Structures are given as C-alpha cells and as structure tokens.
Amino acid sequence: MKRSLAILSSVTLAMALLAGCGNAKENEQSNGQTPSNQTEAGQNGEQTPAADPNDPLAQFPKLDMPFTVAADATIVEYQGGKLTGKEFEEFLRAINFMNPQQGSMIEIADKDALKAFAREYTATKILSGRADEAIKKESKDMAEQTFEKIKGQYLGFFGKDEAKFEKFLEGQAVSKEMIVGQMAIINDSINVLKREIGDEDLKKEFDALDKANRTVASVRHILISTEQRPQEEALKLAQDLEARLKKGEDFAKLATEFTDDPGSKETGGLYEDTVVTQWVPEFKEAALTQPVGEVGPPVKTDYGYHIVKVEKRTEKTFDEMKEQLRAQALEKAYDAFSKNDLDKLISNYNIPEPKQPATK
C-alpha cells in the first residue's frame with residue numbers, strides 16, 4: 001500500500017479537507033445505498049427519519065467503523081510497543097476528520113485494507129517514538145495551527161456557528177485534543193525523517209535533474225485531432241491555421257474556435273506555468289526548444305497535430321524546487337523504512353474481523 005496518510009504532513013492533509021467533501025457519501029446515496037447512520041433502527045426494527053438534508057451537519061455523517069474491538073485490545077505488537085484498539089480507532093477517526101473522503105474507504109475496508117491501515121499507523125508510531133523534545137514541540141505547535149485551519153474550513157460550512165462545530169465534533173466522536181494528538185504523531189514521524197535530509201543532499205538531487213524537470217512553460221496551442229478526420233486533412237487544417245497565425249490573427253480566438261482540446265478551449269488554448277515533463281514527448285520538446293513568442297510548425301502527437309506558441313519559459317532555481325525535492329526525499333525515506341525495517345520491527349498482527357454487510 002502506497003503510504004498516503006502518515007508521510008503527508010497534517011498541513012497537507014488539511015488542504016485536501018473539503019475538496020469535494022461529502023461527495024463519496026452523496027455518491028452512495030445516488031447509487032441507492034443508504035449510509036449506515038442516515039437511519040437508525042428503533043427497538044422494534046422501525047427506521048427513524050433521515051437527517052434533514054438541508055442541515056450542513058448532514059454532509060458529515062459519523063464514521064461507521066467496519067469492525068468492533070475492545071479499547072485495550074492489541075492490534076499490532078512491535079518492538080518496544082503495541083497499537084491498541086483505542087489508538088487505532090482514534091487514528092481512523094482523525095483521518096476522517098482531516099479528509100472525509102478517506103472515511104468512505106475506511107467504512108468499506110476489508111481485513112487486508114485494515115491491516116494496511118494498521119501497518120501504516122504502526123510505522124508512524126515507531127518513527128514518532130524517535131522524536132526528541134524539540135521535534136515534539138514543533139510537531140505539537142504545527143498540529144495546533146493546523147487544527148485551527150481545518151476548523152475554519154468546517155466553520156465555513158456551518159455559517160461560522162461555533163456551536164455547530166462543537167456538535168459536529170461530538171457527533172464524530174472526536175475532540176480537539178484527540179485530533180491534535182494524532183496530527184502531532186504524524187508530524188513527529190515526518191520530522192524524524194526530515195532531520196536526516198539536508199539541503200546539501202537536495203542540492204545534489206537538483207543538480208542531477210535534466211533541464212526538462214526544471215523547466216516551466218506557458219504554452220498556447222491548437223489541437224487538430226486525427227480521431228475523427230484523416231491525418232492528411234488534419235495536417236492541412238493545422239498548416240492553414242499556422243499560416244493565419246503568422247499573418248497576425250489572434251491565437252486565443254482561433255484556439256477557441258478550432259481546437260479539439262477541451263482542457264484548454266476555454267482559455268484560448270493556454271496552459272500556463274506547467275512543468276514541461278507533464279506533456280507528451282513531442283509536445284514537451286516543442287515547449288523546451290521552440291523560440292519564445294513564435295508560432296511553430298505543426299507538432300505531431302498521438303492526439304493529432306498541434307500548433308504551438310511558447311509564451312513564456314523559465315527554469316526553476318534550487319530555492320524554488322527545494323521543498324518539492326524535500327517531499328520527494330521524504331517519500332523515498334519512508335519507502336526505504338517500510339521496505340527494509342518496518343516488518344522486522346512488527347512481531348504480530350491481531351486485525352479485527354470486519355463486520356459482515358447487513359442483509360437486505
């Protein structure tokens with residue numbers, strides 16, 4: 001399982017918080033499925049009415065754990081410690097709080113997925129256990145700040161109503177102290193890895209990059225697709241447009257009228273400030289080598305023929321790329337720990353059995 005939780009700082013997780021928040025839950029409803037907490041069975045089996053859909057709290061249903069386990073049960077045993085049922089549940093609830101879309105994955109987790117979550121959290125605990133007091137203070141301070149940022153995002157949904165936010169926390173079975181504590185553990189694990197990554201190491205990585213990986217360009221283009229027309233026809237149309245552009249016609253206007261690229265049609269064919277390695281090889285080469293400000297000849301790719309004009313091209317400096325390189329180095333450091341050390345430190349798993357789906 002690719003480490004998608006603990007290697008990310010809680011700040012990064014917070015930024016993903018409400019992007020499409022609740023969409024997974026809404027998709028379940030649109031597919032005819034009822035979230036486990038939308039209705040509740042009464043003593044005689046009757047279903048109580050669903051929550052008011054106009055209530056913003058209804059967008060954030062409580063995470064329904066896919067297992068039942070005692071708080072003091074041992075989920076994972078590892079050298080120097082253990083992961084308890086209480087800790088594991090708090091971790092999963094904290095992840096759901098920081099990114100509700102993860103909650104949908106947690107609710108349907110099978111035993112393998114639960115083991116992957118437990119293994120990942122155990123890695124976080126082991127690494128955080130190596131933090132010194134300075135790291136712990138930094139991690140706690142960051143966690144406090146991040147909680148306030150996340151709270152502000154939720155309050156935007158709740159009309160700045162503090163009482164609703166407190167009700168939301170209660171409904172999620174979480175507290176500020178729990179969330180901050182979990183984020184601090186995550187931050188500890190990151191900062192432990194980060195202290196081994198010096199700027200000199202990052203500079204070596206930067207110097208080893210080829211020009212394309214350091215180059216950012218703003219490119220305007222018109223795609224004449226060969227999907228619905230013969231190549232000869234597409235090339236002829238592309239050449240005609242090239243001639244019109246070189247005579248001074250407006251590129252954005254012609255792109256809006258002729259391009260077959262829906263991703264840039266509304267921007268007049270413009271892709272702005274993009275790392276050139278994100279493009280297919282032929283387009284990347286044009287973005288790297290074509291003179292800035294000039295309309296070039298048609299560029300053939302698997303999509304068709306492109307008329308390209310490079311509007312701006314710059315190479316990023318080390319300072320501009322340093323944090324990106326640090327994030328990549330953190331991923332590599334965690335991957336090395338996970339591959340080479342983690343399983344040697346874990347002595348036993350006691351993953352709870354997932355609940356069986358309710359029969360209809």
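**Entry 1: Ile179**

I began with Ile179, which I located in helix α8, keeping in mind throughout that this is a predicted model. I then asked whether Ile179 is buried or exposed. Its relative accessible area is 0%, so I noted Ile179 as buried, the cut-off for that being under 20%. Leaving aside neighbours within four places in sequence, I found Ile179 in contact with Ala94, Phe97, Phe147 and Val174. I looked up the pair with Phe97 in particular: Ile179 and Phe97 are 82 residues apart in sequence, and their C-alpha atoms are 8.0 Å apart in space.

**Entry 2: α3 against α8**

The contacts with Ala94 and Phe97 led me to helix α3, since both residues are listed on the α3 side of its contact with α8. I recorded α3 as residues 85–98 and α8 as residues 176–194, packed at an angle of about 95° with their axes 9 Å apart. The two helices are therefore roughly perpendicular to each other, given that angles of 65 to 115 degrees are classed that way. On the α3 side I listed Glu87, Glu90, Phe91, Ala94, Ile95, Phe97 and Met98, and on the α8 side Met178, Ile179, Gln182, Met183 and Ile186. By character, the residues of this contact divide into 9 nonpolar, 1 polar and 2 charged.

**Entry 3: α3 itself**

I next checked the length of α3: its 14 residues should span 20 Å at 1.5 Å a residue, and the end C-alpha atoms are indeed 20 Å apart, which agrees. How many of the residues of α3 are buried? I noted 11 of the 14, so α3 is largely enclosed by the rest of the structure. The buried residues are Gly85, Phe88, Glu90, Phe91, Leu92, Arg93, Ala94, Ile95, Asn96, Phe97 and Met98.

**Entry 4: α3 against α4**

I turned to helix α4, residues 100–107, whose axis comes within 5 Å of that of α3 and crosses it at roughly 140°. That makes α3 oblique to α4. Leu92, Ile95, Asn96, Phe97 and Met98 of α3 make this contact with Pro100, Gln102, Gly103 and Ile106 of α4. I counted its residues by character as 6 nonpolar, 3 polar and no charged. Phe97 thus appears in the contact with α4 as well as in the contact with α8.

**Entry 5: the open sheet**

I moved on to the strands and traced an open sheet of 4 strands in the order β4-β3-β6-β5, with antiparallel pairing. Its edge strands are β4 (270–275) and β5 (299–301), each of which pairs on one side only. On average, and with direction ignored, neighbouring strands of this sheet are turned by 40° against each other. At the β5 edge, I found 3 bridges joining β5 to the antiparallel strand β6, residues 304–315, and noted that Thr301 has Gly304 in β6 as its bridge partner. Helix α13, residues 281–289, lies across β3 (215–225), β5 and β6, and runs at about 45° to β6.

**Entry 6: the hairpin of β1 and β2**

Lastly, I looked at strand β1, residues 74–78, which 4 bridges join to the antiparallel strand β2, residues 81–84. Thr74 stands opposite Thr84 in β2. Which residue of this hairpin takes a positive phi? I recorded Gly80, with a phi near 95°, in a hairpin that has 2 residues between its strands.

Definitions and conventions
Residues numbered from 1 in each chain as written. Predicted model: local features only at pLDDT ≥ 70, side-chain atom pairs only at ≥ 80, totals over all residues. Heavy atoms only, no water. Axes fitted to C-alpha atoms, helices over the stretch in contact; angles between N-to-C directions. Parallel < 35°, antiparallel > 145°, perpendicular 65-115°, else oblique. Contact = heavy atoms within 4.5 Å. Nonpolar A, V, L, I, M, F, W, Y, C, P; charged D, E, K, R; others polar. Expected span 1.5 Å × (residues − 1). Buried < 20%, exposed > 50% of the residue type's maximum accessible area, 1.4 Å probe, protein only. Pairing = 2+ DSSP bridges.
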